[in-house]
Amino acid sequence: MQPDPRINLSNQLADTLNNRSVAPDEKREVTITFRASYAEKARLGQRCSGVVQSDYIRARLFDYPLPYPKLVIPEVNRQAIYELKKIGNNLNQQTRAINEAVKIGSQPLSNDVKSYLKTLEELTALLEQTRQSLTQASVEGQGNDYQSQG
């Protein structure tokens with residue numbers, strides 16, 4: 001059985017929030033500015049690689065753990081994930097409609113209907129696995145880029 005994707009998302013959100021370098025009650029009220037050359041700015045941009053510059057600088061200056069880079073899913077994967085979600089939603093709606101019809105007795109739970117429901121469940125699981133693979137491949141690709149620049 002596949003884990004609930006909402007649990008994975010919730011865990012990722014918790015990890016992200018726990019990676020914050022400032023306690024929630026510690027408010028940042030002072031702005032610090034400094035000058036840099038174009039080359040220094042370009043170098044900083046390369047080192048940040050998806051991390052907010054102020055977070056990167058703070059982490060380096062104050063020995064905080066480096067924050068995780070923002071998750072950027074390639075456009076091809078984003079489109080595929082979008083299409084998979086639409087297909088998954090349609091499959092879920094069909095499954096729900098059949099289950100409701102069976103509950104109220106307007107659709108007998110025949111072998112054909114059972115087979116169809118089983119196929120829908122298998123397709124839904126495959127779609128979720130594919131979506132997770134696309135997302136994980138994007139995350140791992142970014143992680144490798146980020147680690148090589150650190």
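In this predicted model, the chain has 5 helices and 0 strands. Following the sequence from start to end, the order of elements reads α-α-α-α-α. Of the 150 residues in the chain, 19% are buried. About 11800 Å² of the chain is exposed, and carbon and sulfur atoms supply 54% of that area. If you look at contacts with a sequence separation of 6 or more, 58% of them join residues 24 or more positions apart.

**Helix α3 and its two faces**

A good place to begin is helix α3, which spans residues 53-62. Which residues of α3 are buried? They are Y56, R58 and A59. These residues lie on the same side of α3, because they cover an arc of only 165° around the axis. Helix α2 (38-48) is part of what covers the buried residues of α3. Turn to the face that points away from the buried side, and you will find the exposed residues L61 and F62.

R58 deserves a second look. This arginine sits in helix α3 and counts as buried because its relative accessibility is 17%, where the cut-off for buried is under 20%. Which residues does R58 touch, leaving aside those up to four places away in sequence? The list is R28, D63 and Y64.

**Just past the end of α3**

D63 follows α3 and belongs to the loop between α3 and α4 (75-104). Its phi is positive, about 60°, although D63 is not a glycine. D63 is exposed, with a relative accessible area of 70%, yet it is also among the residues touched by the buried R58.

The neighbours of D63 in the sequence bring in the aromatic side chains. How many aromatic pairs does a search of the whole structure find? The search finds 1. The partners are F62 and Y64, with 6.1 Å from centre to centre and 50° between the planes, and the pair is tilted. Its geometry is tilted because the angle falls in the range left between stacked, under 30 degrees, and edge-to-face, over 60. F62 is exposed at a relative accessible area of 52%, whereas Y64 is partly exposed at 26%. Y64 also takes part in the contacts of R58.

Further along the loop between α3 and α4 comes Y68. Is Y68 buried or exposed? Y68 is exposed, with a relative accessible area of 58%. Its C-alpha lies 8.2 Å from that of G50, and 18 residues separate the two in sequence.

**A buried threonine in α5**

Moving on to helix α5 (residues 111-149), we meet T135. T135 is buried, with a relative accessible area of 15%. T135 and I81 are 54 residues apart in sequence, while their C-alpha atoms are 8.2 Å apart in space.

Here are the residues discussed above, with their relative accessible areas side by side.

| Residue | Relative accessible area | Class |
|---|---|---|
| R58 | 17% | buried |
| F62 | 52% | exposed |
| D63 | 70% | exposed |
| Y64 | 26% | partly exposed |
| Y68 | 58% | exposed |
| T135 | 15% | buried |

**The second largest pocket**

Helix α3 comes back into view at a pocket. Rolling a probe the size of a water molecule over the atoms shows where empty space is left. The second largest pocket holds about 680 Å³ of space. Two elements, α2 and α3, give two or more residues to its lining. How many residues line the second largest pocket? There are 21, and those nearest its centre are I32, F34, S54, I57 and R58. Which element makes the largest contribution to this lining? That is α3, with 6 residues.

R58 therefore appears in several parts of this account: it counts as buried at 17% relative accessibility, it touches R28, D63 and Y64, and it is one of the residues nearest the centre of the second largest pocket.

Note on methods. Residues numbered from 1 in each chain as written. Predicted model: local features only at pLDDT ≥ 70, side-chain atom pairs only at ≥ 80, totals over all residues. Heavy atoms only, no water. Helix = DSSP H or I, 4+ residues; strand = E, 2+ residues; numbered from the N terminus. Buried < 20%, exposed > 50% of the residue type's maximum accessible area, 1.4 Å probe, protein only. Contact = heavy atoms within 4.5 Å. Areas by Shrake-Rupley, 256 points an atom, 1.4 Å probe, with all protein chains shown as cover. Arc of directions from axis to C-beta. Phe/Tyr/Trp six-rings, centres within 6.5 Å; stacked < 30°, edge-to-face > 60°. 1 Å grid on protein atoms, 1.4 Å probe; cavity = no way out; pocket = protein on both sides within 12 Å on 5 of 7 lines; lining within 4 Å. Points joined across faces, edges and corners; volume = space filled by probe spheres on them.
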